[in-house]
Amino acid sequence: MVSELSSDVEQHPTALGGAVAARFVPAASFDDSVLLHVENLRKEYRSGPQPLVLFDALHFTVRRGEMVAIVGESGAGKSTLLHLLAALDRPSAGDVYCASTWLGKLTAGQAAAFRNREIGYVWQMHYLLPEFTALENAAMPLLARDMPRPTAFAKARELLREVGLEARMHHLAGELSGGEQQRVALARALVTEPRLLLADEPTGNLDNRTAEAVFGLLERLHTTHRLTSILVTHNLEIARRCGRTLRLHEGRLHELRLHEGGSEDTSIEMPNASLETPGHPIVRTAFPGGNSTGTA
Ligand SMILES: Nc1ncnc2c1ncn2[C@@H]1O[C@H](COP(=O)(O)OP(=O)(O)OP(=O)(O)O)[C@@H](O)[C@H]1O
Ligand SMILES: [Mg+2]
């Protein structure tokens, strides 16, 4: 992975037995079961007279195979956070380690290669190219790797079959329904066989039934492709089914437990030693009787 990108990219400390980047060893200990580690992450924008601090001191870990939902009100910074996890944007402070890669050390070119190799990204607006077919859209990340077209199309066809769209593969993306477009976006995200799937409101613009079908598909793909998945959603029932839910609220992360049906309860603060950085406790919010959340 990293070594394929560039030898000057320092790896996650665990990848080299702690020999590299010791001062960035996170406070929480973590091992090969961890895919993503976020350390004291801050993002602010300086477009207005006052800086807009979206979040600060975010600190969390996601283990391989976890399915994590991120919820929070509009404008809380959920999309921005996903962008940082995918090295699409740079944090104002803090570090992200993902798939043994320290994202802060990547050049723009290395970040693009990292994304193409490790990340499947489903955008809030799916960003399919409407004048290209479903097949061409799904094959796009492989064509960007200069994979020969027949091989790329064969792989894309396989993914479109998995998402139930083989019969539509020669349709232009602009001719597909919203649910179908979102399924093509999933096929495109997974065609490179990434380890981490980041999906920004993948069911956000769909009616309930279609949203359920797309989420059911996502759950299946998560399992069959052995993914680690992080989903932004406003749907608390979908969040509950993810097994672990983080809420971004007023610049901090809260870990939630949700009742069946997505109902909420009173919140309590539950500092977690393995997630805690001195001075920056993660706030955990419990919803008694709900699904137990995994902790790092
Ligand atoms: N490039 C930018 N420059 C300045 N402000 C920005 C920029 N990008 C996002 N913002 C602001 O950051 C805030 C968070 O945006 P973001 O898109 O991350 O929110 P979100 O939680 O995903 O919201 P939604 O649920 O509506 O998608 C918003 O108030 C937005 O206006
Ligand atoms: Mg958003």
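## Contacts and overall make-up

Of the contacts in the protein with a separation of 6 or more, 68% are between residues 24 or more positions apart. The model is a predicted one. Its secondary structure comes to 8 helices and 11 strands. The protein has 296 residues, and 44% of them are buried.

## Confidence

The average pLDDT of the protein is 81, and 78% of the residues reach at least 70. Over residues 1-29 the pLDDT is below 50; this stretch nevertheless has 51 contacts in the model beyond near neighbours in sequence. The pLDDT is also below 50 over residues 265-296, a stretch with 76 contacts in the model beyond near neighbours in sequence.

## An open sheet of four strands

The protein contains an open sheet of 4 strands. Read across the sheet, the order of the strands is 2-1-4-5, and the pairing is antiparallel. Strand 2 and strand 5 each have a single partner strand and stand at the edges, so one side of each has no neighbour in the sheet. Strands of a sheet pair through backbone hydrogen bonds, in either a parallel or an antiparallel way.

Strand 1 covers residues 34-45 and is joined to strand 2 by 8 bridges, the two running antiparallel. These two strands form a hairpin, with 6 residues between them. Several residue pairs can be followed along it. Leu36 stands opposite Val62 in strand 2, and His37 stands opposite Thr61 in strand 2. Glu44 has Val53 of strand 2 opposite.

Strand 1 also pairs with strand 4, in the antiparallel sense and over 5 bridges. Here Val38 stands opposite Val96 in strand 4.

## Helix 2 across the sheet

Which strands does helix 2 lie across? Helix 2 lies across strand 1, strand 2 and strand 4. Relative to strand 1, helix 2 runs at about 125°.

## The shell around ligand 1

Ligand 1 is surrounded by 13 residues, and the closest are Tyr45, Ser74, Lys78, Ser79 and Thr80. Two elements give two or more residues to this shell: strand 2 (52-63) and helix 2 (78-85). Helix 2 gives the most, with 3 residues. Helix 2, which lies across strand 1, strand 2 and strand 4, is thus a part of the ligand shell as well.

What is the make-up of the shell around ligand 1 by class? The shell has 8 polar residues, 4 nonpolar residues and 1 charged residue.

## Ser100 and the loop after strand 4

Where is Ser100 found? Ser100 is in the loop between strand 4 (93-98) and strand 5 (101-102). Strand 4 pairs with strand 1, while strand 5 stands at an edge of the sheet.

Why does Ser100 count as partly exposed? There are 19 other C-beta atoms within 10 Å of Ser100, and a residue is buried if the count is 20 or more and exposed if the count is 12 or fewer, so Ser100 falls in between.

Ser100 and His37 are 63 residues apart in sequence. In space, they are 9.5 Å apart, C-alpha to C-alpha. His37 is the residue that stands opposite Thr61 in strand 2.

Key:
Residues are numbered from 1 along each chain as its sequence is written. Chains are lettered from A and ligands numbered from 1 in the order in which they are written. This is a predicted model: local features need pLDDT of at least 70, side-chain atom pairs count only at pLDDT 80 or more; totals for chains, interfaces and linings use all residues. A residue is near a molecule or strand if its C-beta atom, placed from the backbone, lies within 6 Å of it. Ala, Val, Leu, Ile, Met, Phe, Trp, Tyr, Cys and Pro count as nonpolar, Asp, Glu, Lys and Arg as charged, and the others, Gly among them, as polar. pLDDT is the predictor's confidence in each residue, from 0 to 100. Two residues are in contact if their C-beta atoms, placed from the backbone, lie within 7 Å. Two strands pair if DSSP finds at least two bridges between them. Axes are lines fitted to C-alpha atoms, for helices over the stretch in contact, and angles run from 0 to 180 degrees between N-to-C directions.
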